[in-house]
Amino acid sequence: MKDKKRKLCLGRVTLVAVSSVHMYETVRAMKYSMRGIVFGDVLLLSHKKPFGLPWDIRFEKIERLDCVDAYSYFMVYKLHQYVNTDYALIVHHDGFVVNPCAWKGEFLDYDYIGAPWRMPLPGENRYRDKDGNICRVGNGVSLRSKALLCLPSEESWQWEKNASGTYNEDCFLCCDNRHKLEAAGLRIAPLEVAKYFSHEQMIPEIEGIEPFLFHQWRGSNRKYPQFRNYPELVRRKLWGK
């Protein structure tokens with residue numbers, strides 16, 4: 001749905017970034033993601049409010065996230081407390097919206113959608129559920145329903161390392177606890193849909209597709225903007241642009 005200025009209206013979606021590092025780059029990525037889109041809310045969660053934060057980005061203070069494990073725990077168990085819409089679109093300083101025109105309404109049919117993963121190598125434990133089934137969609141730069149955000153806390157899921165020996169929150173949700181999501185009636189998008197949503201790993205299935213957003217500058221993603229840490233006086237001039 002679009003307004004009179006032909007902007008994409010995503011009133012059911014909160015654009016959100018959670019970070020204690022790369023703060024100014026993160027804000028630039030958020031502003032870039034807002035080009036041509038009207039979100040229901042735009043939210044930055046961090047331990048400290050960046051100087052000159054644009055007026056159209058809401059700030060909420062959280063504890064400092066000093067490692068990736070702390071970030072993953074927050075995303076799984078605490079993010080839901082701050083999101084007031086039906087969905088959260090999570091972006092990073094190195095992953096954000098680049099093609100608003102690539103949005104598809106069917107993305108909202110799913111409770112989790114991120115970039116497709118590669119096929120795991122023989123004997124590799126990554127990208128598999130508890131029964132060994134291959135999981136092709138995950139990634140932290142993603143669209144998630146409020147129902148999915150709430151579920152781990154509501155059901156008191158145990159916080160434990162995934163099959164690859166890490167606490168990465170996307171694998172925790174989309175692989176190790178996928179069966180719990182599905183038992184609750186929640187849906188992770190299939191590769192056939194996710195390949196139009198986001199790209200991270202350069203797999204054959206995404207060839208020739210311009211995605212809605214991306215994560216990490218590799219392969220065909222290298223053409224997307226990279227925001228650098230600008231001197232203070234330059235930052236002040238850039239925030240509103």
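**Figure 1. Helices and strands of the whole protein chain.** The protein chain of this predicted model holds seven helices and eight strands, where helices (H or I, at least four residues) and strands (E, at least two) are DSSP runs numbered from the N terminus. Residues are numbered from 1 along each chain as its sequence is written, and side-chain values use heavy atoms, with hydrogens and water left out. Local features need pLDDT of at least 70 and side-chain atom pairs count only at pLDDT 80 or more, whereas totals for chains, interfaces and linings use all residues. Along its principal axes, the C-alpha trace spans about 55 × 40 × 30 Å. The radius of gyration of the protein chain is 17 Å, which agrees with the value near 18 Å for a compact globule of 241 residues; this radius is taken over C-alpha atoms, and the globule rule is 2.2 Å times the number of residues to the power 0.38. Of the 241 residues, 54% count as buried, a word that stands for under 20% relative accessible area, with exposed meaning over 50% and partly exposed in between (1.4 Å probe, protein chains only).

**Figure 2. Close-up of helix α2 and helix α4.** The axes of helix α2 (residues 68-77) and helix α4 (residues 169-176) come within 8 Å and cross at roughly 50°. That angle makes α2 oblique to α4, because angles under 35 degrees count as roughly parallel, over 145 as roughly antiparallel, 65 to 115 as roughly perpendicular and the rest as oblique. Axes are lines fitted to C-alpha atoms, for helices over the stretch in contact, and angles run from 0 to 180 degrees between N-to-C directions. From α2, the residues Tyr71, Ser72, Met75, Val76 and Tyr77 meet Glu169, Phe172 and Leu173 of α4, a contact being heavy atoms within 4.5 Å.

**Figure 3. Close-up of the buried residues of helix α2.** Tyr71, Ser72, Phe74, Met75, Val76 and Tyr77 are the buried residues in α2. Their packing partners are the strands β1 (8-18), β2 (37-46), β4 (87-90) and β6 (142-145), together with the helices α3 (146-154) and α4.

**Figure 4. Close-up of Tyr73.** Tyr73 is also found in helix α2, and with a relative accessible area of 33% Tyr73 is partly exposed. When residues up to four places away in sequence are not counted, Tyr73 touches Lys78 and Trp159. Tyr73 and Trp159 are 86 residues apart along the chain, and their C-alpha atoms are separated by 7.9 Å.
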